[in-house]
Amino acid sequence: MIVEGNSTYSLGEFDGTRVLYNFDKMLIYLDAKGKLLFGKDFKIIDDDREILFKLCNYFIQDETNCKKLGIDTTKGILLTGPVGCGKTSLMKLLRHMVPHQRPYKIIPTRNIAFGFNHIGYKTIEDYGDSQFFCFDDLGVEPMGRHYGKDCNVMGEILLSRYEFFLQTKIKTHATTNLNAQELEGRYGNRIRSRMRQLFNLVAFDRGSNDKRM
């Protein structure tokens, strides 16, 4: 049960030992919460049901369904798709469905790169540590430059996150408009290989409509 203002939403039923989630009830809650977060024009559309089914099962940690869907619940989510398909909104929204879980901060990668330009390598330390992050718009950030030295800031952060993942299983999430080949071109084969171990790839169809129009 989740309370939002004067309304209470049930996401499923408790059988005495565990919660049996109901996907349709989860969608009702997500639609209502989305309107509260993003305005009355927000709505869950039928075309997104398949991707939402994957994400909802991941967030509630349904091991049975995730196994069928090829999702590893110990990894983070890399949510890909064209501009405007709703990646960032969904990552902002879905964390509210599991308030009992550790929340993650959503950080635009451009802000991280600009931060590096001002304060240097401490930025990599700050985002490469054991906090829980979702890096938004991965791959579109500019190259970092501090005191005349260029740095692929997010590439270095992903390497640090990978090391923490091996040690502590701390998750990293990200959204991106780029496909696998473009990500490899941006960060190199070594980091792309680490990303396969850090993330579950969940992808919108490349023909998904721009919901911001």
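The following dialogue introduces the fold, a pocket and several residues of a predicted model.

Trainee: How many helices and strands does the secondary structure of the protein chain contain?

Mentor: This is a predicted model, and its protein chain comes to nine helices and eleven strands. The radius of gyration of the chain is 18 Å, close to the 17 Å that the globule rule gives for 213 residues, so the chain is as compact as a globular protein of that length. Along the principal axes, the C-alpha atoms fill a box of roughly 60 × 40 × 30 Å.

Trainee: What share of the residues counts as buried, and what supplies the exposed surface?

Mentor: Of the 213 residues, 46% count as buried. The protein chain exposes about 11500 Å², and carbon and sulfur atoms supply 49% of that area. Contacts can also be read by their separation along the sequence. Among contacts in the chain with a separation of 6 or more, 73% are between residues 24 or more positions apart.

Trainee: Where is empty space left, and what shows it?

Mentor: Rolling a probe the size of a water molecule over the atoms shows where empty space is left. In this structure, the second largest pocket has a volume of about 280 Å³. The elements that give two or more residues to its lining are β4 (19-21), α1 (23-38), α2 (49-59) and α3 (63-69).

Trainee: Which residues lie nearest the centre of the second largest pocket, and how do the residues of its lining divide by type?

Mentor: The lining holds 15 residues, of which Val19, Leu20, Tyr21, Ile60 and Asp62 lie nearest the centre. By type, the lining divides into seven nonpolar, five polar and three charged residues.

Trainee: Where does Gln61 lie, and what is the sign of its phi?

Mentor: Gln61 lies in the loop between α2 and α3. Its phi is positive, about 60°, although Gln61 is not a glycine. With 29% relative accessibility, Gln61 counts as partly exposed, because its value falls between the cut-offs of 20% for buried and 50% for exposed.

Trainee: Which other residue may be read in this way?

Mentor: Asp137 is not a glycine either, and it has a positive phi of about 65°. Asp137 is placed in the loop between β7 (133-136) and β8 (144-146). Its relative accessible area is 28%, so Asp137 is partly exposed.

Trainee: Is Tyr29 buried or exposed, and which residues is it in contact with?

Mentor: Tyr29 lies in helix α1 and counts as buried, at 0% relative accessibility. Leaving aside neighbours within four places in sequence, Tyr29 is in contact with Ile2, Glu4, Tyr9, Leu11, His96 and Met97.

Trainee: How should distances from Tyr29 be read?

Mentor: One compares the separation along the chain with the separation in space. Val3 and Tyr29 are 26 residues apart along the chain, and their C-alpha atoms are separated by 9.9 Å. Val3 belongs to strand β1 (residues 2-4) and counts as exposed, at 56% relative accessibility. Tyr29 and Thr175 are 146 residues apart in sequence, with 23 Å between their C-alpha atoms.

Trainee: Where is Phe59 found, and which residues is it in contact with?

Mentor: Phe59 is found in helix α2. It is buried, with a relative accessible area of 2%. Beyond its neighbours within four places in sequence, Phe59 is in contact with Met91, Leu94, Met97, Val98, Gln101 and Tyr104. Phe59 and Leu94 are 35 residues apart in sequence and 7.4 Å apart in space, C-alpha to C-alpha.

Key: Residues are numbered from 1 along each chain as its sequence is written. This is a predicted model: local features need pLDDT of at least 70, side-chain atom pairs count only at pLDDT 80 or more; totals for chains, interfaces and linings use all residues. Side-chain values use heavy atoms; hydrogens and water are left out. On a 1 Å grid over the protein atoms alone, a cavity is a set of points where a 1.4 Å probe fits but cannot get out, and a pocket is an open set with protein on both sides within 12 Å along at least five of seven lines; lining residues have an atom within 4 Å of a point. Grid points are joined across faces, edges and corners, and a volume is the space filled by probe spheres set on the points. Helices (H or I, at least four residues) and strands (E, at least two) are DSSP runs, numbered from the N terminus. Ala, Val, Leu, Ile, Met, Phe, Trp, Tyr, Cys and Pro count as nonpolar, Asp, Glu, Lys and Arg as charged, and the others, Gly among them, as polar. The radius of gyration is taken over C-alpha atoms; the globule rule is 2.2 Å times the number of residues to the power 0.38. Buried means under 20% relative accessible area, exposed over 50%, partly exposed in between (1.4 Å probe, protein chains only). Contact means heavy atoms within 4.5 Å. Accessible areas come from the Shrake-Rupley method with a 1.4 Å probe; for residues, only the protein chains shown count as cover.
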